[in-house]
Amino acid sequence: MIKFENVSKSYSKGSPAVKDVSFEIDRGEFVFLIGASGSGKTTLIRLMVREEKPDEGTIWVAGKNLVTMPSWKVPHFRRNVGVIFQDFRLLPNKTVAQNVAFALQVIGKPNRFIATQVPQILRLVGLEDKMDRFPHQLSGGEQQRVAIARAFVNRPLILLADEPTGNLDPETSWGVMNLLERINRTGTAVVMATHDVGIVDSMRRRVIEIDDGRLSRDQVRGVYGLGV
Ligand SMILES: Nc1ncnc2c1ncn2[C@@H]1O[C@H](COP(=O)(O)OP(=O)(O)OP(=O)(O)O)[C@@H](O)[C@H]1O
């Protein structure tokens with residue numbers, strides 16, 4: 001589903017952000033991406049959606065070689081991949097329902113389909129009674145659940161989450177994690193960059209650790225620290 005082969009990436013200034021990284025993530029896996037601030041987690045996620053191209057190596061995502069993919073094919077490829085961020089990134093002037101509907105409108109889905117899918121996905125994330133609110137009328141946890149609904153409404157093969165609980169308190173974070181787990185159980189691979197020790201240690205999923213751009217650990221049912 002996702003395959004990195006000897007991938008390196010430098011930004012214009014500074015030392016490489018990602019150095020000779022190789023790993024493979026299968027369909028339906030749940031993977032935590034951990035590492036110190038600045039270790040390269042966000043860069044890996046950006047490489048997975050062709051927001052960046054590597055300087056060296058090969059990247060395969062959903063059966064496509066992202067290195068050789070022409071730019072005009074990138075939007076269509078991205079339909080396979082939902083992305084959520086620490087800061088939610090909802091459209092402030094659209095309601096909850098409109099934010100989710102927009103994700104389907106831009107890929108040309110018919111209105112009839114949108115009208116059935118949006119309430120269904122908002123029920124899944126527990127926000128069916130708040131579909132007419134605007135983002136500023138929601139708590140942080142609710143905003144993140146809208147962002148998840150928007151990322152998942154198209155049923156992507158892969159969901160990438162860059163510190164999705166970074167702005168949330170522990171209890172709200174667990175609500176978001178339960179949702180990501182449920183989405184994962186539908187067969188969608190979830191890759192989540194996080195600094196949250198408690199979440200990683202209690203969920204015991206695969207852990208890929210990045211240390212100064214290099215893959216330093218790839219552990220099945222891993223924990224945050226190595227103290228076991
Ligand atoms: N657009 C950019 N231009 C130049 N350097 C960048 C850019 N984005 C990231 N970097 C550098 O690349 C390295 C990796 O950054 P990245 O954001 O991938 O780390 P991270 O592990 O996601 O960090 P954090 O946990 O703080 O979000 C850092 O040294 C960072 O300064």
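This passage walks through the helix packing of the chain and a few individual residues. The model is a predicted one, and every value below is computed from it.

The UniProt record, an unreviewed entry, puts the feature "domain: ABC transporter" at residues 2–226. Over that stretch the chain comes out at 32% helix and 25% strand, and the C-alpha atoms at its two ends sit 25 Å apart.

Helix 3 is a handy place to start with the packing. It spans residues 96–105, and seven of its 10 residues are buried, so the rest of the structure largely encloses it. The buried set is made up of V96, A97, N99, V100, A101, A103 and L104. The cover over these residues includes helix 4 (111–124) and helix 5. As general background, an α-helix has 3.6 residues a turn, so residues three or four places apart point the same way.

Taking helix 4 first, its axis lies 10 Å from that of helix 3, and the two pack at an angle of about 125 degrees. That angle makes helix 3 oblique to helix 4, since it falls in neither the 65 to 115 degree range that counts as roughly perpendicular nor the range over 145 that counts as roughly antiparallel. The crossing is right-handed. On the helix 3 side, the contact uses V96, A97, V100, A101, L104 and Q105; on the helix 4 side, it uses I114, Q117, V118, I121 and L122. Sorted by class, this contact has nine nonpolar residues, two polar ones and no charged ones.

Helix 5 meets helix 3 in another way. Here the packing angle is about 25 degrees and the axes are 8 Å apart. Helix 3 and helix 5 are therefore roughly parallel to each other, the cut-off for that label being an angle under 35 degrees. This crossing, too, is right-handed. V96, N99, V100 and A103 of helix 3 face V146, A149 and R150 of helix 5. By class, the contact of helix 3 with helix 5 holds five nonpolar residues, one polar and one charged. V96 and V100 turn up in the helix 4 contact and in the helix 5 contact, and both residues are buried.

Helix 5 (residues 140–152) also packs against helix 6 (residues 170–185), with an angle of about 15 degrees and 9 Å between the axes. That puts helix 5 roughly parallel to helix 6, and helix 5 passes helix 6 in a right-handed crossing. The residues involved are G140, G141, Q144, R145, I148 and F152 from helix 5, along with T172, G175, V176, L179 and I183 from helix 6. The class tally for helix 5 with helix 6 is five nonpolar, five polar and one charged.

Helix 1 covers residues 41–48, and six of its eight residues are buried, so this helix is largely enclosed by the rest of the structure as well. The buried ones are K41, T43, L44, I45, L47 and M48. Just after helix 1 comes R50, with a positive phi of about 60 degrees. R50 sits in the loop between helix 1 and strand 4 (56–61). It counts as buried because it has 20 C-beta neighbours inside 10 Å, and 20 is where the buried class begins.

E163 is another residue with an unusual backbone angle. For context, most residues other than glycine have a negative phi. E163 is not a glycine, yet its phi is positive, at about 50 degrees. Its place is in the loop between strand 7 (158–162) and helix 6. With 20 other C-beta atoms within 10 Å, E163 is buried.

Finally, F23 belongs to strand 2 (residues 18–25). F23 counts as partly exposed because it has 16 C-beta neighbours inside 10 Å, which is short of the 20 needed to be buried but above the 12 that would make a residue exposed. Leaving out neighbours within four places in sequence, the contacts of F23 are F4, I208, L215 and D218. F23 and R50 are 27 residues apart along the chain, and their C-alpha atoms are separated by 17 Å.

Key:
Residues are numbered from 1 along each chain as its sequence is written. This is a predicted model: local features need pLDDT of at least 70, side-chain atom pairs count only at pLDDT 80 or more; totals for chains, interfaces and linings use all residues. Helices (H or I, at least four residues) and strands (E, at least two) are DSSP runs, numbered from the N terminus. Two residues are in contact if their C-beta atoms, placed from the backbone, lie within 7 Å. UniProt positions are given in the numbering used here, feature names are shortened, and annotations may be inferred rather than shown by experiment. Axes are lines fitted to C-alpha atoms, for helices over the stretch in contact, and angles run from 0 to 180 degrees between N-to-C directions. A crossing is left-handed if the near helix is turned anticlockwise from the far one by less than a right angle, and right-handed if clockwise. Ala, Val, Leu, Ile, Met, Phe, Trp, Tyr, Cys and Pro count as nonpolar, Asp, Glu, Lys and Arg as charged, and the others, Gly among them, as polar.
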